[in-house]
Amino acid sequence: MKPHTLCAVYFSATGTTRTIVTAIVRRLAEQFNTPVKIFDITLPEARKEPLSFTPGELVLLGVPVYAGRVPNLLLPYVSSLQGNNAMGIPLVLYGNRSFDDALMELRNTMENSGFHTVAAGAFIGEHSFSRTLAAGRPDSSDQAIANGFADQIASKISALTDFQSLSPVSVPGNNPVGPYFRPAGRDGGHIDIRRVRPLTGDSCNDCKWCANHCPMGAIDFDNVREVPGICIKCNACVKGCPVDAKYFADPDYLFHRDDIVTRYQSPRKEPAYFL
Ligand SMILES: Cc1cc2nc3c(=O)[nH]c(=O)nc-3n(C[C@H](O)[C@H](O)[C@H](O)COP(=O)(O)O)c2cc1C
């Protein structure tokens with residue numbers, strides 16, 4: 001069989017999830033000669049309406065791994081997607097630590113929402129907190145693996161006659177999923193970075209890039225130094241600011257960032273996919 005439309009749905013604060021999801025969907029579009037629809041759900045306005053799909057569609061859904069799981073504030077929206085028997089492919093991007101139960105959680109969420117999951121993948125992206133942990137990933141090697149994965153998805157789907165009776169794709173992880181990963185502090189206990197907010201340096205020229213690109217809509221448009229909303233530490237503002245004005249200074253956050261860079265810089269993890 002052949003899908004009549006390919007749909008790429010992704011949340012991507014710093015662009016790594018977007019890179020992999022769009023690479024796979026473009027390759028699939030070449031294989032199937034099928035149109036593509038892109039749904040970028042990174043910004044709050046894009047998540048106002050639930051998305052609904054149809055049985056002839058193949059939906060790639062990509063999210064970053066936060067604390068070993070699907071980002072918790074994104075989960076209600078992801079759960080609201082309506083599969084209506086469309087085929088689905090859950091994809092997660094993680095920063096070279098671990099994807100823990102995120103792929104399992106995303107697969108289960110898609111299955112519960114009426115998708116038939118036919119494949120799944122976990123890829124590596126530069127860690128949101130750092131410019132050195134998994135720096136520059138996904139790189140050309142990751143992209144080549146993404147293309148190979150897409151080719152295998154196309155072969156699998158082409159050979160299918162009835163996907164409705166397929167079992168959900170098998171993925172690693174606890175089922176039911178385990179607790180969120182908790183960052184460790186200096187004294188070995190756990191730290192809580194939920195209240196941490198980015199600061200703004202003197203180079204800020206009030207261009208509003210940060211306010212316009214914050215996935216939580218948390219930054220005050222009139223005074224971009226104020227962050228009255230919820231900050232998920234996605235680092236969209238830090239990595240995206242055109243004049244590098246945004247930064248974090250909280251000692252616990254910085255300790256955690258440096259700690260994971262030290263612990264997880266090597267070995268290099270490789271993408272894993274499941275069909
Ligand atoms: C709050 C938060 C928690 C994260 N937790 C993990 C994690 O548990 N494991 C991991 O390997 N990477 C973790 N990351 C890194 C991201 O999963 C990774 O950098 C991803 O590629 C970012 O995707 P994006 O570029 O589409 O935003 C975390 C990032 C953030 C912001």
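**Exercise 1. A67**

Where is A67 found? Describe its backbone and its exposure in this predicted model.

*Solution.*
Step 1. A67 is found in the loop between β3 and α2.
Step 2. Its phi is near 55°, a positive value in a residue other than glycine.
Step 3. Most residues other than glycine have a negative phi.
Step 4. Count the neighbours. There are 15 other C-beta atoms within 10 Å of A67, so A67 is partly exposed. The buried class needs 20 or more.

**Exercise 2. D206**

Treat D206 in the same manner: which loop holds D206?

*Solution.*
Step 1. D206 is found in the loop between β7 and α5 (209–213).
Step 2. Phi of D206 is near 60°, a positive value in a residue other than glycine.
Step 3. D206 has 13 other C-beta atoms within 10 Å, so D206 is partly exposed. The exposed class stops at 12 or fewer.

**Exercise 3. The surroundings of β4**

Is β4 enclosed or open to the outside? Then find the strands that β4 pairs with.

*Solution.*
Step 1. Check burial. Eight of the eight residues of β4 are buried, so β4 is largely enclosed by the rest of the structure.
Step 2. Split the strand by face. In a regular strand the side chains alternate between the two faces of the sheet. In β4, M87, I89, L91 and L93 are on one side, and G88, P90, V92 and Y94 are on the other. Both faces are covered.
Step 3. Take the pairing with β3. Seven bridges join strand β3 (residues 57–64) to β4, and the two run parallel. L60 has I89 of β4 as its bridge partner. The chain gets from β3 to β4 through helix α2 (residues 75–80), in a right-handed β-α-β crossover.
Step 4. Take the pairing with β5. Two bridges join β4 to strand β5 (residues 116–117), again in parallel. Here G88 stands opposite T117. The path from β4 to β5 goes through helix α3 (residues 102–112), and this β-α-β crossover is right-handed.
Step 5. Take the pairing with β6. β4 and strand β6 (residues 120–124) pair in the parallel sense over four bridges. The bridge partner of V92 in β6 is A122.

**Exercise 4. Helix α3**

How many residues of α3 are buried, and what covers them?

*Solution.*
Step 1. Nine of the eleven residues of α3 are buried, and the helix is mostly covered.
Step 2. List them: A102, L103, M104, E105, L106, R107, N108, T109 and M110.
Step 3. The cover includes β3, α2, β4, β5 and β6.
Step 4. Look past the helix end. Just after α3, G114 takes a positive phi of about 90°.

**Exercise 5. Domains and ligand**

Where does the ligand shell lie with respect to the two domains?

*Solution.*
Step 1. Set the bounds. The domain assignment of the protein chain gives domain 1 (5–168 + 267–274) and domain 2 (199–249).
Step 2. The C-alpha centres of the two domains lie 27 Å apart. Nine residues of domain 1 are in contact with nine residues of domain 2. The side of domain 1 that touches domain 2 has six nonpolar, three polar and no charged residues.
Step 3. Turn to the ligand. It is surrounded by 26 residues, and the closest are T17, P64, G95, R97 and G125.
Step 4. Sort the shell by class: ten nonpolar, 13 polar and three charged.
Step 5. Sort the shell by element. α1 (16–32) and β4 (87–94) each supply at least two of its residues.
Step 6. Domain 1 and domain 2 both give residues to the shell, so the ligand lies between them.

**Exercise 6. Cis peptide bonds**

Which residues does the cis bond with P267 involve, and where does P267 sit? Do likewise for P176.

*Solution.*
Step 1. A cis peptide bond joins S266 and P267, with omega about 5°. P267 is in the loop between α7 and β9 (272–274).
Step 2. The bond from N175 to P176 is cis too, with omega near 5°. P176 lies in the loop between α4 (140–159) and β7 (199–200).
Step 3. For background, most peptide bonds are trans.

**Exercise 7. F255**

Which residues beyond its sequence neighbours does F255 contact?

*Solution.*
Step 1. F255 is in helix α7 (residues 251–264).
Step 2. Leave aside the neighbours within four places in sequence. F255 is then in contact with G185 and R186.
Step 3. F255 and P183 are 72 residues apart in sequence, yet 9.6 Å apart in space, C-alpha to C-alpha.
Step 4. F255 has 16 C-beta neighbours inside 10 Å, so F255 counts as partly exposed.

Conventions:
Residues numbered from 1 in each chain as written. Predicted model: local features only at pLDDT ≥ 70, side-chain atom pairs only at ≥ 80, totals over all residues. Contact = placed C-beta atoms within 7 Å. Near = placed C-beta within 6 Å. Nonpolar A, V, L, I, M, F, W, Y, C, P; charged D, E, K, R; others polar. Domains from an automatic or database assignment. Pairing = 2+ DSSP bridges. Right-handed = clockwise from strand over helix to strand, strands pointing away.
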